[in-house]
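Visitor: I would like to learn how to read a few local features of a protein model. Could you take me through them one at a time?

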Amino acid sequence: MTKDNNKTSVEQLWKNFLKENPQNKFKKEPVSFYFCDNEKDANECAELVVEGIKQATATSLWWFQKNKESLPKEGDQYIITDWNGHAKAIIETTKVTPTPYHEITAEFARIEGEGDKSLAYWKKVHMAYYTREMEPYGEKFTEDMIIICEHFKTIYPRNRQFIKSTLTQC
């Protein structure tokens with residue numbers, strides 16, 4: 001699929017969402033992005049969001065500062081894509097908690113929904129991720145660095161049939 005077709009999938013998902021949710025407070029298409037820094041993890045995380053398993057993310061404050069990006073806030077909406085930019089879901093931020101890395105809890109790791117959902121897994125993969133993102137700038141990961149723990153809910157999955165069939169099987 002070309003980049004234009006990928007952009008079209010984002011635009012179409014947003015248009016479908018607004019058609020079904022005309023009362024939504026935002027009308028302008030939100031930022032779209034994928035999680036992680038590699039295709040396998042980005043695609044897995046997108047599917048976890050669609051399935052309603054992944055309901056949090058953890059971006060370093062360092063990243064927001066380095067990229068001159070505003071911190072997320074409650075009520076923000078985003079379109080989640082896979083690695084190739086295909087729209088998968090719309091999320092809405094429900095809570096933002098700046099937290100030192102060493103104070104991340106097992107509960108947060110579970111809500112983030114990745115791997116085996118344990119704190120040990122979370123710490124291992126996130127330390128590696130933060131190290132990789134800082135390395136090109138000659139900066140180092142520390143256990144005291146602030147992580148922006150963003151909780152969200154999936155408000156519009158692209159694959160609504162999957163969600164409906166999953167819910168009826170419970």
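Visitor: Which element gives the most to the lining of the largest cavity?

Guide: Bear in mind that this is a predicted model. The element that gives the most to the lining of the largest cavity is α5, with 4 residues.

Visitor: How many cavities of 30 Å³ or more does the structure hold, and how much space lies in the largest cavity?

Guide: The structure holds 1 cavity of 30 Å³ or more, and about 30 Å³ of space lies in the largest cavity. Its lining is made up of A109, E114, K117, S118, Y121, W122, V125 and H126, and by residue class this lining divides into 4 nonpolar, 2 polar and 2 charged.

Visitor: K117 is named in that lining; where is the place of K117 in the fold, and what is its phi?

Guide: A useful general idea comes before the case: most residues other than glycine have a negative phi. Phi of K117, by contrast, is near 70°, a positive value in a residue other than glycine, and K117 is placed in the loop between α4 (106-112) and α5 (119-134).

Visitor: Which other residue has a positive phi, near 75°, and where is its place?

Guide: That residue is C36, whose phi is near 75° although the residue is not glycine, and C36 is placed in the loop between β1 (32-33) and α2 (39-50).

Visitor: Why does C36 count as partly exposed, and why is K117 partly exposed?

Guide: The reasoning rests on relative accessible area, where under 20% means buried, over 50% means exposed, and partly exposed is in between. C36 counts as partly exposed because its relative accessibility is 24%, and K117 is partly exposed because its relative accessible area is 35%.

Visitor: Is Q77 buried or exposed, and in which strand is it found?

Guide: Q77 is buried, because its relative accessible area is 6%, and the cut-off for buried is under 20%. Q77 is found in strand β3, which covers residues 77-81.

Visitor: Which side chains does a polar contact of 2.8 Å join to that of Q77?

Guide: One polar contact of 2.8 Å joins the side chains of Q77 and N24, and another polar contact, also of 2.8 Å, joins the side chains of Q77 and E92.

Visitor: Leaving aside its neighbours within four places in sequence, with which residues is Q77 in contact?

Guide: With those neighbours left aside, Q77 is in contact with W14, F17, N24, F26, P30, I91, E92 and I155, a list in which N24 and E92 appear again as the partners in the polar contacts.

How values were computed
Residues are numbered from 1 along each chain as its sequence is written. This is a predicted model: local features need pLDDT of at least 70, side-chain atom pairs count only at pLDDT 80 or more; totals for chains, interfaces and linings use all residues. Side-chain values use heavy atoms; hydrogens and water are left out. Helices (H or I, at least four residues) and strands (E, at least two) are DSSP runs, numbered from the N terminus. Buried means under 20% relative accessible area, exposed over 50%, partly exposed in between (1.4 Å probe, protein chains only). A polar contact is a pair of N or O atoms within 3.5 Å; within protein, one must be able to donate a hydrogen and the other to accept it, and residues adjacent in sequence count only if both atoms are side-chain atoms. Contact means heavy atoms within 4.5 Å. On a 1 Å grid over the protein atoms alone, a cavity is a set of points where a 1.4 Å probe fits but cannot get out, and a pocket is an open set with protein on both sides within 12 Å along at least five of seven lines; lining residues have an atom within 4 Å of a point. Grid points are joined across faces, edges and corners, and a volume is the space filled by probe spheres set on the points. Ala, Val, Leu, Ile, Met, Phe, Trp, Tyr, Cys and Pro count as nonpolar, Asp, Glu, Lys and Arg as charged, and the others, Gly among them, as polar.
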